[in-house]
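Please open the model in your viewer and keep the sequence panel beside it, so that selections can be made by residue number. The stops below go from strands to helices.

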Amino acid sequence: MKASANQIRQALAAPRLRFYLLHGPDEAGAGALAAILAQAMGDRAERVDLDGAALRSDPARLADEAASMSLFGDARHIRVTGMGDESLAAVTTLLTAEAAGNPVVAIAPSVRSTAKIVKLAIDSPHALAFACYPPTAQDAERLATTLAGDRGMRLATGVAARLVTASSGDRSVMAQEIEKFALFLDAAPDRPHELDHQTLDLVGADLDEAEATRAVEAVVEGRPDHLAEELNRLSEAGTSPIPWLRQIARRLVALIDMRADVANGEPVDAVMKRHRVFFRDEDATARALRRWTPMMLSTALARTRAAERAVMSPGNAGGVLADEAVLQLARALARRG
């Protein structure tokens, strides 16, 4: 079945189906939805983490995990990251199995609404599919206000918009920034404070999206020397790599969608027009569509997502991981000429 935003939240808060597919480019939003299921299962629940590669090599594993009992008899749920159409056989086995007691939530950022795996979930009475897209600016500002309110902060006029810009509209990055401000102000629901522009300037890592865009385009155009300069500048500004990594990922997802249409024989100009590419970006986009193959784009997206996960993991090496990952992509493209 196809779910609305309210339906998917309600379903994840009281899970009764076998499979919840969260597809589309807003991976952070999908992660926030997946967290609703984890919370509903309880603190003692066992979580099994899988990925698309594991399911491709062992299609029966998903159904087996969904039917297995927890070692200690507690609740159990499965989270799959990086799912794509390569997991079609695994999901088919899960949805056609006689029984599956443990709910499965899958995050599939590169899967389009027309993919076979989405149709499978929509057609099944045991599944829900929800398309996750980045929020509009207005929605993102409302989210910033809500997250700040939960931490005991009132936002001064214009602060919500700055938080959205600084985080590129990414929920998880925005939440991290808001938590940082709450700690600085010693804010809590019982100790409310106002978050104003002065505090934002003092503590925040405000990132102008246009500046990050230069690094993104250096990756896409295969210019490692220029990219190294941009990364040094961003590092000196104290910028978290998460926003620009996700900006790169969104750019790659858009190129994947357009490149698929080109591979099906549609002219590049027609593809760009249908995808509403801004006229100033048409030349760069056309070059990228002619230079990148579908396999290269898929690999680049996977490595960008892996770098993001590595940066966010405990005890990581910080921005060095992100820098090295994107520099490798730019160098590889440069070698292809």
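Select strand S3 (residues 76–81) together with strand S4 (residues 104–108), to which S3 is joined by three bridges, the two strands running parallel; helices (H or I, at least four residues) and strands (E, at least two) are DSSP runs, numbered from the N terminus. Within this pairing, Val80 has Ala106 in S4 as its bridge partner. The model is a predicted one, in which local features need pLDDT of at least 70 and side-chain atom pairs count only at pLDDT 80 or more, whereas totals for chains, interfaces and linings use all residues. Residues are numbered from 1 along each chain as its sequence is written, and side-chain values use heavy atoms, with hydrogens and water left out.

Now add strand S2 (residues 46–51), which runs parallel to S3 and is joined to it by six bridges; here Val48 stands opposite Ile78 in S3. Five of the six residues of S3 are buried (under 20% relative accessible area, with exposed over 50% and partly exposed in between, for a 1.4 Å probe and protein chains only), so S3 is largely enclosed by the rest of the structure.

Widen the selection to the open sheet, whose five strands follow the order S2-S3-S4-S1-S5 with parallel pairing, two strands being counted as paired if DSSP finds at least two bridges between them. S2 and strand S5 (127–131) are the edge strands, each pairing on one side only, and the twist averages 15° from one strand to the next.

Which strands does helix H2 (residues 27–41) lie across? Helix H2 lies across strand S1 (19–23), S3, S4 and S5, running at about 170° to S3, where angles run from 0 to 180 degrees between N-to-C directions and axes are lines fitted to C-alpha atoms, for helices over the stretch in contact. Helix H6 (residues 116–123) also packs on the sheet, touching S1 and S5 (contact means heavy atoms within 4.5 Å), and its direction makes about 140° with that of S1.

Move next to helix H13 (residues 241–263) and helix H16 (residues 294–312), which pack at an angle of about 160° with their axes 9 Å apart. That angle makes H13 roughly antiparallel to H16 (over 145 degrees; under 35 is roughly parallel, 65 to 115 roughly perpendicular and the rest oblique). Residues of H13 in this contact include Leu245, Leu252 and Arg259, and those of H16 include Leu297, Leu301 and Glu308.

Finish at Ala270 in helix H14 (residues 268–274), which is partly exposed, with a relative accessible area of 31%. The C-alpha atoms of Ala270 and Met258 are separated by 10.0 Å, the two residues being 12 residues apart along the chain.
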